[in-house]
Amino acid sequence: MASDKSWELVQIKAFTAWLNENLKPRGLGVKDIKTDLSDGILLINFFEELSHKKVKTRYDLKPATRIHKIQNLGVAFSHLEDEMDMRRHGYAAEDIIDTDSRGIKMLLGLLWSLFRKYRIAVIKHSDKSSEEGLLLWCKEQTQGYKGVEIQNFRTSFKDGLAFLALVHHYDPAKTGVKYEEFSNEDPLKNLGAAFEYAEKELGVPKLLEPQEVADGKVDERALVLYTSLFFHAYRANEQARAASDLKAKTEAELEEEKRRKELLVKNNEELQTIIKDLEAKLLREKERGDSLEGSLVSEREESARLRGEISRLENLLKDAAGKQDEDAKKIKDLQFKHGQFEEEIELLKGDVEGFKTKLDQEREETNNVRKLVDEKTNQDGVHRKGLQQLKKHLDLHLEDLHAWQKYLDYEDKATFDFERDVRPLLTAELGEKEFVQQLELLSGRLEHENEAMLKIFKTKAAEAQAAKLAAAKK
């Protein structure tokens with residue numbers, strides 16, 4: 001009976017703590033499970049937390065009557081069977097409501113079943129699960145601790161060293177347990193210290209009495225339940241560490257992300273500045289390109305104009321080259337003609353000199369004739385002889401003129417004949433006049449012809465000299 005009563009108290013403490021652990025996120029809590037679960041409200045919330053499912057049936061949030069409470073408990077039991085796959089095993093709503101008259105055994109049985117399903121059956125270690133997995137886990141956690149050898153729940157925890165080892169192993173650096181100071185000679189001291197440290201450092205409530213554990217009178221289920229709390233405390237600690245590590249990692253990542261974001265913002269600002277500069281530069285380049293395009297159009301137009309000009313100049317050069325060849329040919333011909341003309345001039349100069357000499361001789365002879373005429377005016381024969389002589393010289397002079405007719409510019413020089421055209425007219429003209437008149441006529445004619453010849457020679461010489469100068473300039 002004492003063992004059953006102790007087991008009941010252990011369950012009440014353990015399940016009260018377990019209920020509060022699950023109801024705390026909803027702002028709910030249990031103080032006395034005998035009465036606080038009777039209206040079904042807390043039990044429904046507890047079941048929803050365990051199953052992570054909402055009840056599908058409406059229930060009364062503020063049940064004022066017994067019937068309302070029974071209906072709420074019926075909703076809870078339906079959820080237990082339908083969503084949590086748990087059989088009631090004869091549980092009834094009255095077992096929860098009437099704990100004062102019926103006792104708490106059925107309620108504790110229900111909670112124990114739930115605890116086994118959700119807290120013990122879930123324990124898996126190596127190839128073991130449930131109580132066996134829990135026992136193997138305890139054995140591995142306490143391996144290497146002096147005086148600890150875990151074989152079963154009933155005897156392996158009696159001296160308290162196993163519990164001390166579990167507390168110490170939880171966090172050797174921070175725990176207040178100095179394991180080397182304890183020994184199996186004082187089980188009560190060990191158990192008391194272990195339960196104190198477990199509650200203080202692991203959050204495991206004091207469910208067992210050191211004396212009952214040391215005497216081996218505690219229910220084995222109570223030992224399993226209590227030891228399972230160590231397992232879940234370890235897991236919670238590992239999860240907390242993992243969460244802390246994850247948080248630290250996340251914070252570090254967030255910090256790094258923040259740093260990268262700030263860097264990106266900075267880089268973005270720099271890029272925006274660069275983009276603006278590039279856009280401005282692009283605009284300037286575009287304007288410059290437009291200007292260059294305009295200049296290029298102008299250059300193309302100028303190039304086309306220059307090509308046209310070059311083509312024109314090339315044509316002019318070709319024409320000039322042709323003309324130059326033609327001019328060179330003309331110059332060559334002119335030079336040749338000039339040479340011939342200079343030869344002719346030289347010949348003409350010689351002829352002029354001869355003509356001058358001959359003219360001087362003729363003048364001298366004319367003077368002599370005049371003297372003869374003056375001396376023998378009355379002598380007809382002498383006169384006739386002088387006239388004949390004068391006529392002879394005139395004839396000779398006229399013949400000379402005829403010889404020089406190729407140098408004159410008469411248009412009819414090709415048909416002019418001295419014997420045919422001049423001599424008959426001269427004879428007829430002289431026959432009609434007296435001797436003195438004939439002499440004066442012939443003398444005047446001779447003087448006139450001489451002056452005309454000299455004028456012609458001078459003109460020709462001047463033309464030849466001008467032609468020579470013109471050829472030299474070209």
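**Core, helices and a pocket in a predicted model**

Setting aside neighbours within four places in sequence, Tyr 226 makes contact with Phe 163, Phe 195, Ala 198, Val 204, Pro 205, Leu 207 and Leu 208. This tyrosine is a good place to begin a tour of the structure, which is a predicted model. Tyr 226 belongs to the largest nonpolar core, a set of 80 residues. Together with Leu 114, Leu 208 and Phe 230, Tyr 226 touches the most other members of that core. Leu 208 therefore appears twice in this picture, as a contact of Tyr 226 and as one of the residues of the core that touch the most other members. Helix H13 gives the most to the core, with 10 residues.

With that centre in mind, the view can be widened to the whole protein. The protein has 474 residues, and 33% of them are buried. Its secondary structure consists of 16 helices and two strands. Among contacts with a separation of 6 or more, 59% join residues that are 24 or more positions apart.

Helix H13 returns in the description of the second largest pocket. This pocket has a volume of about 300 Å³. It is lined by 16 residues, and those closest to its centre are Glu 21, Arg 119, Leu 229, His 232 and Ala 233. Three elements each give two or more residues to the lining: helix H1 (2-23), helix H7 (105-120) and helix H13 (220-375). The largest share, six residues, comes from H13. What is the chemical character of the residues in this lining? They divide into 10 nonpolar, three polar and three charged residues.

Two further helices show how burial can be followed along an element. Helix H3, residues 41-51, is mostly covered, with 10 of its 11 residues buried. The buried residues of H3 are Ile 41, Leu 42, Leu 43, Ile 44, Asn 45, Phe 46, Phe 47, Glu 48, Leu 50 and Ser 51. His 52 follows this helix and has a positive phi, near 60°. Helix H8, residues 130-141, has 12 residues. From its first C-alpha to its last, H8 reaches 17 Å, which is close to the 16 Å expected at 1.5 Å a residue. In H8, the buried residues are Ser 130, Gly 133, Leu 134, Leu 135, Trp 137, Cys 138 and Gln 141.

Some of the residues of H3 meet a histidine from another helix. His 79 is found in helix H4, and its relative accessible area is 4%, so it counts as buried. Beyond residues up to four places away in sequence, His 79 touches Phe 47, Glu 48, Ser 51, Lys 53, Lys 54, Val 55 and Met 84. Phe 47, Glu 48 and Ser 51 from this list are also buried residues of H3.

The backbone offers some details worth a look as well. Most residues other than glycine have a negative phi. Asp 85 is not a glycine, yet its phi is positive, at about 55°. This aspartate sits in the loop between helix H4 (66-82) and helix H5 (93-97). Is Asp 85 buried or exposed? Its relative accessible area is 65%, so Asp 85 is exposed. Ser 130 likewise has a positive phi, near 55°, and is a residue other than glycine. Ser 130, however, is found in helix H8, and it counts as buried because its relative accessibility is 16%, under the 20% cut-off.

A second aspartate completes the tour. Asp 98 lies in the loop between H5 and helix H6 (99-102). Its relative accessible area is 18%, so Asp 98 is buried. Which residues does Asp 98 touch, not counting those up to four places away in sequence? They are Arg 66 and Gly 103. The two aspartates thus sit in loops on either side of H5, with Asp 85 exposed and Asp 98 buried.

Definitions and conventions. Residues are numbered from 1 along each chain as its sequence is written. This is a predicted model: local features need pLDDT of at least 70, side-chain atom pairs count only at pLDDT 80 or more; totals for chains, interfaces and linings use all residues. Side-chain values use heavy atoms; hydrogens and water are left out. On a 1 Å grid over the protein atoms alone, a cavity is a set of points where a 1.4 Å probe fits but cannot get out, and a pocket is an open set with protein on both sides within 12 Å along at least five of seven lines; lining residues have an atom within 4 Å of a point. Grid points are joined across faces, edges and corners, and a volume is the space filled by probe spheres set on the points. Helices (H or I, at least four residues) and strands (E, at least two) are DSSP runs, numbered from the N terminus. Ala, Val, Leu, Ile, Met, Phe, Trp, Tyr, Cys and Pro count as nonpolar, Asp, Glu, Lys and Arg as charged, and the others, Gly among them, as polar. A nonpolar core is a set of buried Ala, Val, Leu, Ile, Met, Phe, Trp, Tyr and Cys residues joined through side-chain atoms within 4.5 Å. Buried means under 20% relative accessible area, exposed over 50%, partly exposed in between (1.4 Å probe, protein chains only). Contact means heavy atoms within 4.5 Å. The expected span of a helix is 1.5 Å times one less than its number of residues.
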